[in-house]
Amino acid sequence: ILFICHFTIDMFVGIWPIYKSLGELDMVRAGMIAMVGGIFGNMLQIVFGLYGDCGFRKLFILIGTLLMSAGCFYPYTQNYGLLLFLVFSVYLGSSAFHPSATGSVAMLTKTKKGLAISSFISGGAIGFAFSQVIYKKTFLIFNSRTLILLILPIVSFILVWLIDFKENKKFKNI
């Protein structure tokens with residue numbers, strides 16, 4: 001389940017570089033949006049990691065899957081302020097997700113942590129690698145109506161919601 005979520009999260013992180021071209025945005029403004037969203041969103045990973053270790057892992061994984069879905073809404077505005085908000089939401093969702101999900105994966109096993117974490121990481125790498133192809137095809141096939149991509153975060157959210165983090169000692173927080 002966390003492999004699927006990581007695929008989805010990193011797929012949405014990889015959308016902005018292709019969207020700025022598809023949306024015919026000013027490259028300087030688009031670059032500034034990516035820089036500001038990335039810096040401030042990713043700086044908060046420390047905070048999410050700290051509180052994730054205090055018992056909020058599932059909550060942050062759920063929040064992450066919701067926030068990163070903001071990437072579906074890029075084509076619905078040309079307002080650079082709103083685009084900054086959407087990009088920041090994607091990075092914030094990624095930052096909420098990564099520390100908690102990685103911590104949860106690491107707790108799945110005592111002897112094969114490397115295999116568990118590398119499998120989890122591969123989900124994100126595959127999602128990032130295919131993000132621009134998936135987004136561009138969706139954008140073109142559905143005439144820039146990319147809300148169909150909301151299926152991925154909705155499925156991810158439901159799957160995580162169904163995991164019982166509290167009862168499973170492997171997910172018990174420190």
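A residue counts as buried under 20% relative accessible area, as exposed over 50% and as partly exposed in between (1.4 Å probe, protein chains only). In this predicted model, local features need pLDDT of at least 70 and side-chain atom pairs count only at pLDDT 80 or more, while totals for chains, interfaces and linings use all residues. Residues are numbered from 1 along each chain as its sequence is written, and side-chain values use heavy atoms, with hydrogens and water left out.

Thr138 is buried, with a relative accessible area of 9%. Thr138 belongs to helix α6 (residues 113–141); helices are DSSP runs of H or I with at least four residues, numbered from the N terminus.

The largest nonpolar core, a set of buried Ala, Val, Leu, Ile, Met, Phe, Trp, Tyr and Cys residues joined through side-chain atoms within 4.5 Å, has 33 residues. Trp16, Tyr19, Tyr74, Leu83 and Tyr135 have the most contacts inside this core. At least two core residues come from each of α1 (2–13), α2 (16–22), α3 (27–43), α4 (45–67), α5 (80–106) and α6. Helix α5 gives the most, with 8 residues.

Contacts (heavy atoms within 4.5 Å) of two residues are listed below, not counting residues up to four places away in sequence.

| Residue | Residues touched |
|---|---|
| Thr138 | Asn143, Thr146, Ile148 and Leu149 |
| Tyr19 | Glu24, Leu25, Tyr74, Pro75, Thr77, Gln78, Leu83, Tyr135 and Phe139 |

The axes of α1 and α5, lines fitted to C-alpha atoms over the stretch in contact, with angles from 0 to 180 degrees between N-to-C directions, come within 10 Å and cross at roughly 155°. Helix α1 is therefore roughly antiparallel to α5 (over 145 degrees).

Conventions
Angles under 35 degrees count as roughly parallel, over 145 as roughly antiparallel, 65 to 115 as roughly perpendicular and the rest as oblique.
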